[in-house]
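These are my notebook entries on a structure that is new to me. I wanted to look up how its sheets are laid out, what packs on them, and how the chains touch.

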There are 2 protein chains.
Amino acid sequence: MSYINYSYEQLKTFCRDAFMKFGFTENEALKITDVLLLSDLYGIESHGMQRLVRYHKGIEKGLIKVDAKPETVFETPVSAVIEGHDGMGQLISIHAMNIAIEKAKKNGMAVVSVRNSNHFGIAGYYAKMACDAGLVGFAMTNSEAIMVPTFSRLAMLGSNPIAISMPAEPYPFFFDSSTTVVTRGKLEIYNKLSKPLPEGWALDENGNACTDAERVLKNIVGKAGGGIMPLGGNTETLGGHKGYGYGMLCEIFCSIFSGGLTSNHTHIGGKGGTCHGFMAINPDIFGDREGMKQRFSTFLQELRDAPKAEGQPRIYTHGEKEIFAYADRMKNGIEVNINTVAEMKNLCDYLGLDSVKYLGDVDFSDAKQSSYK
Amino acid sequence: MSYINYSYEQLKTFCRDAFMKFGFTENEALKITDVLLLSDLYGIESHGMQRLVRYHKGIEKGLIKVDAKPETVFETPVSAVIEGHDGMGQLISIHAMNIAIEKAKKNGMAVVSVRNSNHFGIAGYYAKMACDAGLVGFAMTNSEAIMVPTFSRLAMLGSNPIAISMPAEPYPFFFDSSTTVVTRGKLEIYNKLSKPLPEGWALDENGNACTDAERVLKNIVGKAGGGIMPLGGNTETLGGHKGYGYGMLCEIFCSIFSGGLTSNHTHIGGKGGTCHGFMAINPDIFGDREGMKQRFSTFLQELRDAPKAEGQPRIYTHGEKEIFAYADRMKNGIEVNINTVAEMKNLCDYLGLDSVKYLGDVDFSDAKQSSYK
């Protein structure tokens, strides 16, 4: 697969203009762009430009309502429930996390739970917002059901990521991961390469382990059974019930607290219904904020300095890879794969934007049709 | 291995009297007993009577101070930091979770972080305390380092369990699990049976996968390297960095918030230093408490009713197995393995209690020496 290199500024301009063409204000378009591009800058290719096609389809089908404004339907000094009215997930989520941050600054900590939203990009973006404000940030989302609970053969929970970010030196702790063993994007990559999946990732329609990426993806799209295993696999031997448990934690903060749809009821019959959960904790509620940061930074350094496993060059703490990727991509540009660029061109055509102006004169002979339905 | 059957009342009397002999008040002894016996009643053998020998040794060596009282060193309406003064983990933790519950009832939610405590039994006990009070409860603890971070060969984090409990019908959600793939207790069972460990559990002193239980346990005791893999294993392919991340979440709530020792510094040089984290969230802060409980109960039922994987008779939601075990053991008694009964007899002898009165006239010819050092 070939790649095209774009600078951060190029992609920002394209993305901003595209979302403005959809009807978002410049301020809104820049917010959405910021979430999507952080993903590409962090090296999380699946959630940046590659996701544009989903937002495109979502807006086109009316799943995502451009004019919707998030509404606070219940609140206390440490909480809020937000009705998203099927708006753009990034806008609702930035709004919701800002409420959590304000409440946590004032009252020590807060949880904000959101219902009837849409895909919000990387969970880590919102955890990072709190971290950038000097707080400990947590962000979660449910999603279209894709995780098969232990001993089942039907996806009942989403990929249900949990992100956590906390200030530290020389860079913050930043953990952002699905509670499934992998995300659907990984399966799509194996499918595109016609490679068998690693053992321990996916299940067929009968709930048996399956390494056939095409079959699993077809089943997922057709809601025919099967899906992805929870972190820990499909048995209790390696702790699959634990991944399933963390998926439940995510569901509690998202759909249960907000009164929204659990993952198994989202994305059915022309309705999205994605739910999110945000939490911010002010370090001041434990006393010495600076001392805490210092102790945490020391521990992270001890982890990085620990003896390596045979043949391993380094130990990472969470967020390090993203920091390095960010620096590299800001300097050297962002590699966007040709299929994604083709989707971006389609989007330009759909919106009446001049694709050559934004994307250059690209040779698409190497591009495949997107697998997104 | 043979087992002796004791009624709940028999074990309660024994345990209470033993802790009173150690110098705890009757009220304190009953609290400790309640934590330990809930574990046996829930079928979590490793954390009930089987742990008595560790408390015995801990008190004997002065790691656990019988007279220590927990002290609140910092607090706000939504938080507290507790200095445990090396007291008994269960007493400090019940005290700490009660503070979290009171604050959450009054102010919506609260986090209480504890330093310089000791082993507190099952994390789930404290999460359940909040659940019994109608709240969502979270309990975590760090521990002697046993989890080897991704690409390392030295244990740097504890088994770092995270427990979550939330009201539901017909029984609450109760999730309690280590962030390692398994706990040390499981390795000890395989060692006693001289069986090779399942692949994907443990690492040798060089950080390579290892199925030799004896070698791994010897290394752990001797702090010679190796240990247990995070949930997800020792590679990124199956998500080992995620289990390591949840271990970090636990560390943040326990040692980092409290200003205590991170797992890699506990249990060194005659010092325990275990840290705990507790959180309670009042469902009232999201509005309709009863509606939430109902919706959550419905989701749990949908999970149990989901189509089963081929050959699987049922799908569990978290806490079901414990509820069934509790009912069974209250009715039919608790099976205690002969090695543990031998340790209980040793404890009687040490404390000057009449072991025959408490434990009956047991034939110990089948018992082995405890592996605890």
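**Entry 1: a strand pair and its sheet**

I began with strand 5 (residues 136-141) of chain A, which pairs with strand 11 (residues 274-281) of chain A in the antiparallel sense over six bridges. I kept in mind that this is a predicted model. Looking for the partner of Phe138(A), I found that it stands opposite Met279(A) in strand 11 of chain A.

I then asked which order the strands take in the open sheet of chain A. There are seven strands in the order 2-3-4-11-5-6-7, and the pairing is mixed. Strand 2 (71-76) and strand 7 (173-177) of chain A are the edge strands, each pairing on one side only. Between neighbouring strands of this sheet I noted an average turn of 10°, with direction ignored.

**Entry 2: helices on the sheet**

Next I looked up what lies on these strands. Helix 4 (residues 89-107) of chain A lies across strand 3 (79-83), strand 4 (109-117), strand 5 and strand 11 of chain A, and it runs at about 160° to strand 4 of chain A. From the other chain, helix 8 (residues 240-258) of chain B packs on the sheet, where it touches strand 6 (162-166) and strand 7 of chain A, its direction making about 130° with that of strand 7 of chain A.

**Entry 3: the core**

Which residues touch the most other members of the largest nonpolar core? I found Ala100(A), Ala280(A), Ala100(B) and Ala280(B), in a core of 232 residues. I followed Ala100(A) further and, leaving aside its neighbours within four places in sequence, listed its contacts as Ala110(A), Val111(A), Val112(A), Ala130(A), Phe278(A), Met279(A) and Ala280(A).

**Entry 4: where the chains touch**

I turned to the contact between the chains, which takes 66 residues from chain A and 66 residues from chain B. On the side of chain A that touches chain B, at least two residues each come from strand 2, strand 3, strand 4, strand 6, strand 7, helix 8 (240-258) and helix 9 (289-305) of chain A. Helix 8 of chain A gives the most to that side, with eight residues. By class, I recorded 35 nonpolar, 24 polar and seven charged residues on this side of chain A.

**Entry 5: a sheet in chain B**

Last, I looked at an open sheet of three strands in chain B, with the order 9-8-10 and antiparallel pairing. Its edge strands are strand 9 (209-210) and strand 10 (227-228) of chain B. Strand 8 (residues 202-203) of chain B pairs with strand 10 of chain B over two bridges, and there Ala202(B) stands opposite Ile228(B).

Technical notes. Residues numbered from 1 in each chain as written. Chains lettered and ligands numbered in written order. Predicted model: local features only at pLDDT ≥ 70, side-chain atom pairs only at ≥ 80, totals over all residues. Pairing = 2+ DSSP bridges. Helix = DSSP H or I, 4+ residues; strand = E, 2+ residues; numbered from the N terminus. Axes fitted to C-alpha atoms, helices over the stretch in contact; angles between N-to-C directions. Contact = placed C-beta atoms within 7 Å. Core = buried A, V, L, I, M, F, W, Y, C linked by C-beta atoms within 7 Å. Buried ≥ 20, exposed ≤ 12 C-beta atoms within 10 Å, placed from the backbone. Nonpolar A, V, L, I, M, F, W, Y, C, P; charged D, E, K, R; others polar.
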